[in-house]
Amino acid sequence: LLVNSVHWRLVDLQRTFTFRNSKQTYNGIPIIAANMDTTGTFEMAQVLSKHTLFTAIQKHYSLEEWKTFAASHPECLEHVAASSGSGAADLEKLCSILEAIPLIQYICLDVANGYSEHFVEFVKRVRERFPKHTIMAGNVVTGEMVEELILSGADIIKVGIGPGSVCTTRIKTGVGYPQLSAVIECADSAHGLKGHIISDGGCSCPGDVAKAFGAGADFVMLGGMLAGHDQCAGEIIEKDGKKFKLFYGMSSDTAMKKCVGGVAEYRASEGRTVQVPYKGDVENTIRDILGGLRSTCTYVGAAKLKELSRRTTFIRVTQQSSQMFN
């Protein structure tokens, strides 16, 4: 008989990482709000940073909006990343933001398909330009590409193609990789090079966040779980006496019409636009996620989040939970 002495109040969810290429040290709870239009907002960052959670800020804020945020909430800048695509205009805008606000130390280079020479070269260029900034880059799903991006200058690799709740890549293209398997494989490759990974997509409940950490993810990125809150962009929609907010994938018709004038005729939309129930203040959801994660650690005997992956055993099941009263 093994007596588990870990109590949920004593569980330490803080992690400390020193990144391979930037040499920067991070300390916080490694959960990240996704850099999507609706969730990667300054308002989200204000709440998440109080809990030492992280926000990858969406890339469509102007330099002036960034300056206003930085002046009003300098305490948040330790826990935010400036996001960028891989185009020339993206790089120019990123440079202007980072030069104007030196306290931002994290960069999120985000493309739908990280398997291109152009993206690898872009990561190298950003690393040369910002040698001391910590670079997140992705998305990929295999160990070989994780290694390639780390050796090209990235510190944290974003892992996930197709698992997101509003992503239709697997349906439209047939391309994807089971998220748990991707995290296990990519974490192993990254850690061998002293790099780190983010599990990006596929979490629909606190238990999924715990599984991502258990599989070896250093950070877990959330979109759908943080959607529908006061801190998300967009107006509240009322329909049949119920309240909703819009949530959409960044490759959806909605995102592309808003950001680039529409879907190019040579490609397909790879994201849904959905109305998610309005959930109020994100503070309540954060407490639910962190409480669930602490409880996970007590079940498996991990006094710290750092220990969770070493205490985890995965067993294949046909059903995760009872559906009787759903």
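# A tour from the first hairpin to the barrel and beyond

Start by selecting strand β1 (residues 15-18): its side chains alternate, with Arg15 and Phe17 buried on one face, while Thr16 and Thr18 point to the other face and are not buried. Buried here means under 20% relative accessible area, exposed means over 50%, and partly exposed is what lies in between (1.4 Å probe, protein chains only). Strands (E, at least two residues) and helices (H or I, at least four) are DSSP runs, numbered from the N terminus.

A word on what you have loaded: this is a predicted model, where local features need pLDDT of at least 70 and side-chain atom pairs count only at pLDDT 80 or more, while totals for chains, interfaces and linings use all residues. Residues are numbered from 1 along each chain as its sequence is written, and side-chain values use heavy atoms, with hydrogens and water left out.

**The hairpin**

Now add strand β2 (residues 25-28), which pairs with β1 in the antiparallel sense over four bridges. Two strands pair if DSSP finds at least two bridges between them. Click on Phe17 and look across: its bridge partner in β2 is Tyr26. The two strands form a hairpin with six residues between them, and Lys23 in the turn has a positive phi of about 65°.

**Aromatic rings**

Keep Phe17 and Tyr26 selected and add Phe19, Phe54, Tyr106 and Phe219: these form one aromatic cluster. Rings of Phe, Tyr and Trp (its six-membered ring) pair if their centres lie within 6.5 Å; planes under 30 degrees apart count as stacked, over 60 as edge-to-face and the rest as tilted. The count by this rule is twelve aromatic pairs. One of them is Phe42 with Trp66, edge-to-face at 5.1 Å centre to centre and 80° between the planes. That pair links distant parts of the chain, since Phe42 sits in helix α1 (residues 42-50) and Trp66 in helix α2 (residues 63-72), 24 residues apart. Phe42 is buried at a relative accessible area of 7%, and Trp66 is buried at 2%.

Next, zoom to Phe54 and Tyr106, also an edge-to-face pair, with 4.9 Å centre to centre and 80° between the planes. Phe54 lies in strand β4 (residues 54-57) and Tyr106 in strand β6, so this pair ties together parts that are 52 residues apart in sequence. Both rings are covered: Phe54 has 0% relative accessibility and counts as buried, and Tyr106 counts as buried at 3%.

**The barrel**

Select β3 through β10. Which strands make up the closed barrel, and in what order? Eight of them, running β3-β4-β5-β6-β7-β8-β9-β10, with parallel pairing. Neighbouring strands are turned by 25° against each other on average, direction ignored.

Walk along it from β7. This strand pairs with β8 (residues 156-159) in the parallel sense over four bridges, and Ala137 stands opposite Ile157 in β8. Four more bridges join β8 to β9, again parallel, with Val159 opposite Ser199 in β9.

Pause on strand β9 (residues 196-200): five of its five residues are buried. His196, Ile198 and Asp200 point one way, Ile197 and Ser199 the other. Three bridges then join β9 to β10 (residues 219-222) in parallel, where Asp200 has Met221 as its bridge partner.

**Helices against the strands**

Show α1 again: it lies across β3 (31-33), β4 and β5, at about 165° to β4. Helix α3 lies across β5 and β6, at about 155° to β5. Axes are lines fitted to C-alpha atoms, for helices over the stretch in contact, and angles run from 0 to 180 degrees between N-to-C directions. Contact means heavy atoms within 4.5 Å.

Move on to helix α4 (residues 117-129). Its buried residues are Phe119, Val120, Phe122, Val123, Val126 and Arg127. Why do they sit on the same side of α4? Because they cover an arc of only 160° around the axis, taken from the directions from the helix axis to the C-beta atoms. On the other side, Glu117 and Glu128 are exposed. To see what covers the buried residues, show elements including β5 (80-84), α3 (88-100), β6 (106-110), β7 (134-140) and α5 (143-151).

**Last stop: the open sheet**

Finish with β11, β12 and β13, three strands forming an open sheet in that order with antiparallel pairing. The edge strands, β11 (237-239) and β13 (273-277), each pair on one side only. The twist averages 45° from one strand to the next. Five bridges join β12 (residues 242-248) to β13, and Leu246 stands opposite Gln275 in β13.
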